[in-house]
Amino acid sequence: MARISFESDYIQGCHEKILEALVKTNMEMLSGYGDDCYCHSAKEKIREAIGQHDSEVFFLSGGTQTNQIVIDTMLDSSEGVISANTGHINCHEAGAIEYTGRKILSLPQYLGKIDINDLKSLVIGFENDKNNAHMVAPRLLYISHPTEYGTLYSLEELSEISDFCHAHGIGLYLDGARLGYGLASYSTDVTIKDVARLCDAFYIGGTKVGALIGEAVVFKKDSLPKAFFTKIKQHGALLAKGRLLGIQFDTLFTDDLYFKISRHAIEMAELLKKVFIKHGFELYMDSPTNQIFVILDNSVYDILLEKVGFCYWEPFDADRTVVRFATSWATSENDINTLDEILGNL
């Protein structure tokens, strides 16, 4: 039996329609740096999808580059970004934010999410501190949707956070590396238009949602950092062959492909949960998106890993470990059935 993997949602190449589009357009002579017909078309399709026709859209090659550049350019040297202590920028980006000289101000997390009361305490505490001239000012809030634990903010939570941030002069930036999977969840009441309306900046993840590479950063018109295009190049993240990103997003936002393949991943995740429950495994939490967290006995961990790819997450106790299984746009029912068979033979 061939080894299967649920290690992440970017272990395969790209959706076949994207590959077809890249091949079909391969020999076209197009201007560089994103100034081509496909990039322009993709931007217009994104603006239409989010309901913000005056927004600014840029294409970047990956999530870490996107987070680093957006956060760096939305802040100055005396300002910091607020994040949950489990936030991706705080845990899994190798200090990329700190490398630019921007400080991360961390808050407690509740299954990956920030609580509005903790946010208020930090911001109002800074505002009332008579020595705040000696402190890093909280001027940007970073959240991800879904979070590192696959959890989602409700529309009420996101609206309350947005209102508070804007009342206190704080920008709201949403990491959408897996945004498609969040929007496709059966448990969400947040739409992409809500995200665009409530956030100053966010990105639409492509790398994890069907693209070969690429993320689309969206700014409200009044939130665009000065000389952002130039600063992308200063960070070494500007592709000369920008067409490669534009063609992919133009394809993803044609005939709702982005949303259709995201829903497929959610459907596969629901099947995956049922398989684990069927075989008596305990879920760490009932994630509503494509990341499924399972508690494994340490004695089972290495045995299962020989046959199935998955991701270590964190220790649960002395004898058990939390692991992550991720579905994606490319997960098949055959993959789920194979896992079912493997678990049945443990």
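What follows is a chat about helix contacts, the nonpolar core and some backbone details of this model.

Reader: Hi! What kind of model is this?

Author: Hello! This is a predicted model, in which local features need pLDDT of at least 70 and side-chain atom pairs count only at pLDDT 80 or more, while totals for chains, interfaces and linings use all residues. Residues are numbered from 1 along each chain as its sequence is written, and side-chain values use heavy atoms, with hydrogens and water left out.

Reader: Cool. How do α1 and α11 cross?

Author: The axes of helix α1 (residues 16-24) and helix α11 (residues 243-252) come within 9 Å and cross at roughly 135°. Helices here are DSSP runs of H or I with at least four residues, strands are runs of E with at least two, and both are numbered from the N terminus. Axes are lines fitted to C-alpha atoms, for helices over the stretch in contact, and angles run from 0 to 180 degrees between N-to-C directions.

Reader: Why is α1 called oblique to α11?

Author: The crossing angle makes α1 oblique to α11. Angles under 35 degrees count as roughly parallel, over 145 as roughly antiparallel, 65 to 115 as roughly perpendicular, and the rest as oblique.

Reader: And which residues make that contact?

Author: From α1 they are Lys-17, Ile-18, Ala-21 and Leu-22, and from α11 they are Leu-244, Ile-247, Gln-248, Thr-251 and Leu-252. Contact means heavy atoms within 4.5 Å. These residues divide into 6 nonpolar, 2 polar and 1 charged. For that split, Ala, Val, Leu, Ile, Met, Phe, Trp, Tyr, Cys and Pro count as nonpolar, Asp, Glu, Lys and Arg as charged, and the others, Gly among them, as polar.

Reader: Is Gln-248 buried or exposed?

Author: Gln-248 counts as buried, at 1% relative accessibility. Buried means under 20% relative accessible area, exposed over 50%, and partly exposed in between (1.4 Å probe, protein chains only). Leaving aside neighbours within four places in sequence, Gln-248 is in contact with Ile-18, Ala-211, Leu-212 and Ile-213.

Reader: Switching topic: how many residues are in the largest nonpolar core?

Author: That core has 57 residues, and those with the most contacts inside it are Ile-46, Leu-119, Leu-141 and Ile-204. Its largest share, 6 residues, comes from helix α2 (residues 37-50). A nonpolar core is a set of buried Ala, Val, Leu, Ile, Met, Phe, Trp, Tyr and Cys residues joined through side-chain atoms within 4.5 Å.

Reader: What does Leu-141 touch?

Author: Beyond neighbours within four places in sequence, the contacts of Leu-141 include Ile-82, Ile-114, Leu-119 and Tyr-173.

Reader: Where is there a cis peptide bond?

Author: A cis peptide bond joins His-145 and Pro-146, with omega about 5°. Pro-146 is in the loop between β5 (137-144) and α7 (155-167). Most peptide bonds are trans, and most residues other than glycine have a negative phi.

Reader: Which residues other than glycine have a positive phi, then?

Author: Among them are Ala-227, with phi of about 55°, and Asp-256, with phi near 60°. Ala-227 is in the loop between β8 (215-219) and α10 (228-234), and counts as partly exposed at 42% relative accessibility. Asp-256 lies in the loop between α11 and α12 (257-278), and is partly exposed too, with a relative accessible area of 46%.

Reader: Last one: how do α12 and α14 cross?

Author: The axes of α12 and helix α14 (residues 333-344) come within 10 Å and cross at roughly 10°. That makes α12 roughly parallel to α14. The residues of their contact divide into 8 nonpolar, no polar and 3 charged.
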